[in-house]
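Trainee: I would like to go through this model with you and ask, for each label attached to it, what the label rests on.

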Amino acid sequence: MSIAHTQGGGRWLGLYVIAYLVFLYLPVLLIPLFSFNNSIQAAFPLQGFTLQWYATLYGNTVLSGALVNSLVIATIAATGATLCGITVSYMDLYGRSPLAATISAVARLPILIPGVIVGISLLILINLIGLGPSRIAIVLGHILVALPTTVVIMRSRFAAIPKTIREAALDLGASDWTTFRRVMLPLSLPAIVSAFMLAFLISFDEFIVVFFLAGTEPTLPLYIWSQLRFPKSLPTVMALGTSILAASFVIAAIAEILRHRGLSATAPRPTDQSQAKQTKRGELQWHST
């Protein structure tokens, strides 16, 4: 393959990536743009800069109630999903049991199932057990939806920890529970925080499952959906969406930084200034680099 052909393929690949990013993120970037527009209509040309749509977010009791409801549900669901993800991923790697591997595979399965199917299935289930649409049902549904993310993050983190660390703790007389609690969990703390934050975002932004399981207390995504029926509320919805986008971006960035920091903490490091080299006779000689 010629160099010119390779460069041409790379150029087309770059153009494809740019076009894909524009198609994916340009509609999202239009929301903050129109949220500062001094017009009810989301259209060009822009009428002027204003902050009045953000001012309408304050003092809205219905919006405040939906926000608090989403925060409470997301916190509880993220905590449950993170605890389940830690347990499932750890047992998958160190349990050495076909059952543990099966549970881990099943826990990651919901990410492949359409949200509508998950919502309908959960609605049927909670009606059969007598819960009905309620906040508890939403929490259970969000744990199911966020669980694959926490399992993937925690499994990769536990797998990155050298097995010799766990083996050394067991050789020194620590039990499996002590090794897990005092060795593996502290080493995995950045990943745990990252998994919790991403699970929180998934729960906070989830709409389809909430649509089927919500009772009398709507969450913030449901509130936004209900306001889209009123054209005069569109600028306020875009201002609210911009605030959610900004908060989500900050939380996701912090979670990714913590995840990479946790992975780099146990990554193999280069040798020190002095390194041992074995001679042909099998003797060790120390040389300064």
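Mentor: Let us begin with the word contact, which here means that heavy atoms lie within 4.5 Å. Please keep in mind throughout that this is a predicted model.

Trainee: With that definition, which residues does Val151 touch, leaving out those up to four places away in sequence?

Mentor: Val151, which lies in helix α6, touches Gly85, Val88, Ser89, Ser104, Ala107 and Arg108 when residues up to four places away are not counted. For one of these, Ser104, the C-alpha atom is 7.5 Å from that of Val151, although the two residues are 47 apart in sequence.

Trainee: Why is Val151 called buried?

Mentor: Buried means a relative accessible area under 20%, and Val151 has a value of 0%, so Val151 is buried by that cut-off.

Trainee: What makes Ser188 buried, and where in the chain does Ser188 lie?

Mentor: Ser188 is in the loop between α8 (176–187) and α9 (189–205), and its relative accessible area is 0%, so it falls under the 20% cut-off and counts as buried. Beyond its neighbours within four places in sequence, Ser188 is in contact with Met154, Arg157, Phe158 and Ile161.

Trainee: What makes the approach of Met184 to the side chain of Ser188 a polar contact?

Mentor: A polar contact needs a pair of N or O atoms within 3.5 Å, and the backbone oxygen of Met184 lies 2.8 Å from a polar atom of the Ser188 side chain, so the distance satisfies the cut-off.

Trainee: Why is the pair Phe211 and Phe212 called edge-to-face?

Mentor: Among the 11 aromatic pairs counted, Phe211 and Phe212 have ring centres 5.7 Å apart and planes at 90°; because pairing requires centres within 6.5 Å and edge-to-face requires planes over 60 degrees apart, both conditions are met.

Trainee: Are these two residues buried or partly exposed?

Mentor: Phe211, at 41% relative accessibility, is partly exposed, and Phe212, at 21%, is partly exposed as well. Partly exposed runs between the limits of 20% and 50%, so both values belong to that class.

Trainee: Which residues form an aromatic cluster?

Mentor: Tyr90, Tyr94, Phe158, Trp177 and Phe180 form one aromatic cluster.

Trainee: How do you know that Arg229 lies over the face of Trp225?

Mentor: The distance from Arg229 to the ring centre of Trp225 is 5.8 Å, and a charge counts as sitting over a ring within 6 Å of that centre, with an additional condition of 35 degrees from the ring normal. Arg229 is listed as lying over the face of Trp225.

Trainee: What makes helix α11 largely enclosed by the rest of the structure?

Mentor: Of the 8 residues of α11 (residues 220–227), 7 are buried, so the helix is largely enclosed. The buried residues are Leu220, Pro221, Leu222, Tyr223, Ile224, Ser226 and Gln227.

Trainee: Which residues does Leu63 touch, and is Leu63 buried or exposed?

Mentor: Leu63, in helix α3 (residues 61–94), has a relative accessible area of 8%, so it is buried. Setting aside residues up to four places away, Leu63 touches Leu57, Leu220, Tyr223 and Leu240. Leu63 and Leu220 are 157 residues apart in sequence, yet their C-alpha atoms are 7.2 Å apart.

Trainee: Which residues touch the most other members of the largest nonpolar core?

Mentor: In that core of 33 residues, they are Leu213, Leu220 and Leu240. The helix that gives the most to this core is α3, with 7 residues. A second, separate core has 14 residues, including Phe158, Ala191, Ile192 and Ala195. As for Leu240, its contacts beyond four places in sequence are Leu57, Leu63, Leu220, Tyr223 and Ile224.

Trainee: What does the record say about transmembrane regions, and how much helix do residues 66–90 hold?

Mentor: An unreviewed UniProt entry places the feature "transmembrane region" at several spans, including 66–90 and 111–130. In the model, residues 66–90 are 100% helix, with end C-alpha atoms 36 Å apart, whereas residues 111–130 are 75% helix, with end C-alpha atoms 26 Å apart.

Conventions. Residues numbered from 1 in each chain as written. Predicted model: local features only at pLDDT ≥ 70, side-chain atom pairs only at ≥ 80, totals over all residues. Heavy atoms only, no water. Helix = DSSP H or I, 4+ residues; strand = E, 2+ residues; numbered from the N terminus. Buried < 20%, exposed > 50% of the residue type's maximum accessible area, 1.4 Å probe, protein only. Polar contact = N/O pair within 3.5 Å; in protein donor to acceptor, adjacent residues only side chain to side chain. UniProt positions renumbered as here; feature names shortened; annotations may be inferred. Phe/Tyr/Trp six-rings, centres within 6.5 Å; stacked < 30°, edge-to-face > 60°. Core = buried A, V, L, I, M, F, W, Y, C linked by side-chain atoms within 4.5 Å.
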